[in-house]
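Okay, thanks for making time, everyone. I'd like to walk you through one structure today, so let me put it up on the screen.

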Amino acid sequence: MTLPRFLMSLDASVAGDFSTISTLIQLLDFFGCMTFAAGGAFKAIEHRFDIIGVITLSSITGIGGAMIRDMVLGISPSFVLLNPLYLGITVSSGITIFLLYSRLVKYRSLFMKLDSIGSGAFTAGSAIVALNMVGPNLLVMGLPAYWLP
């Protein structure tokens, strides 16, 4: 994953080490993927899905948004298909929630709070993908606001 051009132009004292920032963004992306997958797994269990349904729904919620974003931006193949770690995170999150549901259900509100943090992480990651594609164009950055209700 590369940084946007405007961050690369900053000196190291302002932007920090490139590898540190890139690693932080990657970790936040994995965290967002895990929290979305956990939310999907909770919802699947509430609707009494079996283990296959839980894994499927956790995978769809964990990586589905990034795949749709890549389709809209014309990125093919999607980066989540190129890095099997994303699918591994969603599958392991689904299995973990399925097996430990009775112990984790009391922490459901915590998972929902973590889900909102994951949403912010995905938003930042998507903004970086868009910046890498078209540069700091305000029209492209403002486009998602147009789609919001």
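Before I point at anything, a word on the element names: helices are DSSP runs of H or I with at least four residues, strands are E runs with at least two, and both are numbered from the N terminus. Keep in mind that this is a predicted model, so local features need pLDDT of at least 70 and side-chain atom pairs count only at pLDDT 80 or more, while totals for chains, interfaces and linings use all residues. Residues are numbered from 1 along each chain as its sequence is written, and side-chain values use heavy atoms, with hydrogens and water left out.

Right, the overall picture. What do we have in terms of helices and strands? Nine helices and zero strands, so to speak α-α-α-α-α-α-α-α-α from the N terminus on. I'll talk about burial a lot, so here are the cut-offs: buried means under 20% relative accessible area, exposed means over 50%, and partly exposed is in between, with a 1.4 Å probe and protein chains only. On that scale, 35% of the protein's 149 residues count as buried.

Let's start with the loop between α3 and α4, because that's where Arg48 sits. Arg48 has a positive phi, about 60°, although it is not a glycine. Buried or exposed? Arg48 counts as exposed, at 76% relative accessibility.

Now back a little, into helix α3, which covers residues 18-46. How many salt bridges does a search of the whole structure find? Two, where a salt bridge is a side-chain nitrogen of Lys or Arg within 4 Å of a carboxyl oxygen of Asp or Glu. One of them pairs Lys43 with Glu46, and the closest N and O atoms there are 3.4 Å apart. Both of these residues are in α3, three residues apart, which is about one turn of the helix. Lys43 is partly exposed, at 39% relative accessible area, and Glu46 is partly exposed too, at 37%.

Glu46 also meets the side chain of Arg108 in a salt bridge, at 2.8 Å from N to O. Arg108 belongs to helix α8, residues 108-134, and Glu46 to α3, so this pair ties together parts that are 62 residues apart in sequence. Arg108 counts as buried, because its relative accessibility is 17%. Put the shared partners together and Lys43, Glu46 and Arg108 join into one network.

Staying on α3, let me show you some contacts across the chain. Phe36 lies in α3 and counts as buried at 18% relative accessibility. Its C-alpha is 8.3 Å from that of Thr90, and the two residues are 54 apart along the chain. Leu28 is in α3 as well, but Leu28 is partly exposed, at 38%. The C-alpha atoms of Leu28 and Gly120 are separated by 9.1 Å, with their positions 92 residues apart along the chain.

Then over to α6, which runs over residues 84-99. Gly88 is found there, partly exposed at 35% relative accessibility. From Gly88 to Met34, 54 residues apart along the chain, the C-alpha separation is 9.7 Å.

How does α6 pack with α4, residues 51-73? The angle is about 135°, and the axes are 8 Å apart; axes here are lines fitted to C-alpha atoms, for helices over the stretch in contact, and angles run from 0 to 180 degrees between N-to-C directions. That makes α4 and α6 oblique to each other, since angles under 35 degrees count as roughly parallel, over 145 as roughly antiparallel, 65 to 115 as roughly perpendicular, and the rest as oblique. The crossing of α4 and α6 is right-handed, meaning the near helix is turned clockwise from the far one by less than a right angle, with anticlockwise being left-handed.

Last stop, the surface. Ile95, Phe98, Leu99 and Leu100 form a nonpolar patch, with about 330 Å² of accessible area together. Patches are made of residues with over 30% relative accessible area and no salt bridge, with nonpolar side chains (Val, Leu, Ile, Met, Phe, Trp, Tyr) joined within 5 Å and like charges within 9 Å. The areas come from the Shrake-Rupley method with a 1.4 Å probe, and for residues only the protein chains shown count as cover. Within the patch, Phe98 lies in α6 and counts as partly exposed, at 31% relative accessibility.
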